[in-house]
Amino acid sequence: MTFSISADFIGAQNRKAEAALAEDYAALGRQLERRGVDIEKMTARAMAYAVAVPSWGVGTGGTRFARFPGPGEPRNVFDKIDDCGVIHQLGRVTPTVSPHIPWDKVDDYSALRQKAASHDLTFDAVNSNSFQDAKGQKLSYKFGSLTHADPGTRAQAVEHNLECIEIGRKLGSSALTVWIADGSNFPGQSNLNAAFDRYMASLREIYDALPKDWSVFLEHKLYEPAFYSTVISDWGSSFMAASELGPKAKCLVDLGHHAPNTNIEQIVARLIRAQKLAGFHFNDSKYGDDDLDSGSVDPFRLFLVFNELVDAELRKAPGFNPAYMIDQSHNVTDPIESLIQSANEIQRAYVQASLIDRAVLAAVQAESDVLGGHLLVKQAFVTDVSPVLAEARRRKSGAIDPIATYRASGYRRHKAEERPDSGTASAGIV
Ligand code: LRH
Ligand code: MN
């Protein structure tokens, strides 16, 4: 029998924190009431919010230089689902897992689905992978995949994506996320226009194979691993492709995939207007695609993205139904703690942006009252909504203080005993 955290243990931990929470919640309630905000409405929104965790995020991540596995590393996707289960059990805001193929390939997908269900989890968008050569693969993706100059290699990559759709159907997913590393490192290495044409031809085959209620999420990225040109490098290329493909194709925004200081919230506003916002890969970064914990470097940027999302939600923007997913690499922290905290920071940005009275903001903007508008937005960002987030967890039988409860449970220590060290330290993101 493997170790799991009991509901009684969480309850016992919560009883130590309930009185302080009640006090903080009441105080915040009074503060918000003076601002015409009903704290119960905010708690209901927090309880309704959900973000997916990446299956690949519960193992220790690495860089091209090295990866330093921690104790009790998940050995396979079933271990990963157990760890995703703990993140949801304590935080109560991550009911779905986004799988990655072939990293999560198994023989019996209904067994995997049942395993997830045993943790109240379901599967979100499936990620294909034609940026690595899988074991036994005939043709290499060294020089590209869906846009490779060789038709055989493109066909192999298309076939892989069709296989991902089949796996997703078995897992109950309804979307395929396609990020490709295709690009070049030298001017003259590839024809920039022809590469995009090849991308469109390959995506057309994938798009036409999508089941009726499915979507394909196109993920753009400025650079890495290609360092001169990347075929789908920005939202413009992604939007062009999604528009040519059709209504089932939308643009996925990974926060780390832009040049430093890019106004990502405006890209989000544009994609919402065009009904082409697929959703997000949330993370944070200071320089490149650092895949750091959401809200850990620039929480104001995350908040400003949610300011656009909540505005769209409340004005009932047509076609607005983004998929919220985390995509991070946990190189120096316990991945479970990082994902609990990151989901909390994403939920925090959603609640903070919900504090803004949109009618009042529109009125001051109509008056070109510059600081008036800024102060309304800033006031929401500087409001500590922690009691709302903790109360939402308590009401959903989660942990008032999930990180402290996780540490007190000794879950990682138990997993270190149950999961013998694979001892295979390698380089790379997983
Ligand atoms: C590419 C990316 C993509 C995933 C991978 C793990 O940088 O963001 O979404 O497939 O990370
Ligand atoms: Mn991503």
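In this predicted model, His281 puts a polar side-chain atom 3.2 Å from an oxygen atom of ligand 1. Two aspartates join in. For Asp254, the gap between a side-chain N or O atom and an oxygen atom of ligand 1 is 3.0 Å, and for Asp327 a polar side-chain atom sits 2.7 Å from a ligand 1 oxygen. Stepping back, twelve residues surround ligand 1, and the ones that come nearest are His100, Glu219, Lys221, Asp254 and Asp327. Asp254 and Asp327 thus turn up both in that nearest group and in the polar pairs just described, at 3.0 Å for Asp254 and 2.7 Å for Asp327.

The backbone has a few quirks to look at next. Most residues other than glycine have a negative phi, and most peptide bonds are trans. Against that background, the bond between Ile101 and Pro102 is cis, with omega at about 15°. Pro102 belongs to the loop that runs between strand 2 (96-98) and helix 4 (109-117). Another cis peptide bond links Glu224 to Pro225, this time with omega at about 5°; here the proline falls in the loop between strand 7 (215-219) and strand 8 (229-230). Then there is Gln275, which is not a glycine yet has a positive phi of about 55°. Gln275 is found in the loop between helix 8 (264-273) and strand 10 (277-282).

Now for the helix packing. Two packed helices are described by the angle between their axes and the distance between the axes. Take helix 6 (residues 192-208) and helix 7 (residues 235-245): their axes are 10 Å apart and the packing angle is about 45°, so helix 6 and helix 7 are oblique to each other. The crossing of helix 6 past helix 7 is right-handed. On the helix 6 side, the contact involves Phe196, Tyr199, Met200, Leu203, Arg204 and Tyr207, while helix 7 brings in Ser237, Met240, Ala241, Glu244 and Leu245. Sorted by character, the residues where helix 6 touches helix 7 come out as eight nonpolar, one polar and two charged.

Further along the chain, helix 11 (residues 358-366) packs on helix 12 (residues 370-381) with an angle of about 155° and axes 8 Å apart. At that angle, which is over 145 degrees, helix 11 therefore counts as roughly antiparallel to helix 12. Helix 11 goes past helix 12 in a left-handed crossing. Val360, Leu361 and Val364 of helix 11 make the contact with Gly372, Gly373, Leu376 and Val377 of helix 12. Five of these contact residues are nonpolar, two are polar and none is charged.

The last pair brings together helix 1 (residues 7-34) and helix 13 (residues 386-395), which pack at about 130° with 9 Å between their axes. That angle makes helix 1 oblique to helix 13, and their crossing is left-handed. From helix 1, the residues Glu18, Leu21, Asp24, Tyr25 and Leu28 meet Pro387, Val388, Ala390, Glu391, Arg394 and Arg395 of helix 13. The contact of helix 1 with helix 13 splits into six nonpolar and five charged residues, with no polar ones. Set beside this, the contact of helix 11 with helix 12 has no charged residues, and the contact of helix 6 with helix 7 has two.

Notes: Residues numbered from 1 in each chain as written. Chains lettered and ligands numbered in written order. Predicted model: local features only at pLDDT ≥ 70, side-chain atom pairs only at ≥ 80, totals over all residues. Heavy atoms only, no water. Axes fitted to C-alpha atoms, helices over the stretch in contact; angles between N-to-C directions. Helix = DSSP H or I, 4+ residues; strand = E, 2+ residues; numbered from the N terminus. Parallel < 35°, antiparallel > 145°, perpendicular 65-115°, else oblique. Left-handed = near helix turned anticlockwise from the far one by under 90°. Contact = heavy atoms within 4.5 Å. Nonpolar A, V, L, I, M, F, W, Y, C, P; charged D, E, K, R; others polar. Near = heavy atom within 4 Å. Polar contact = N/O pair within 3.5 Å; in protein donor to acceptor, adjacent residues only side chain to side chain.
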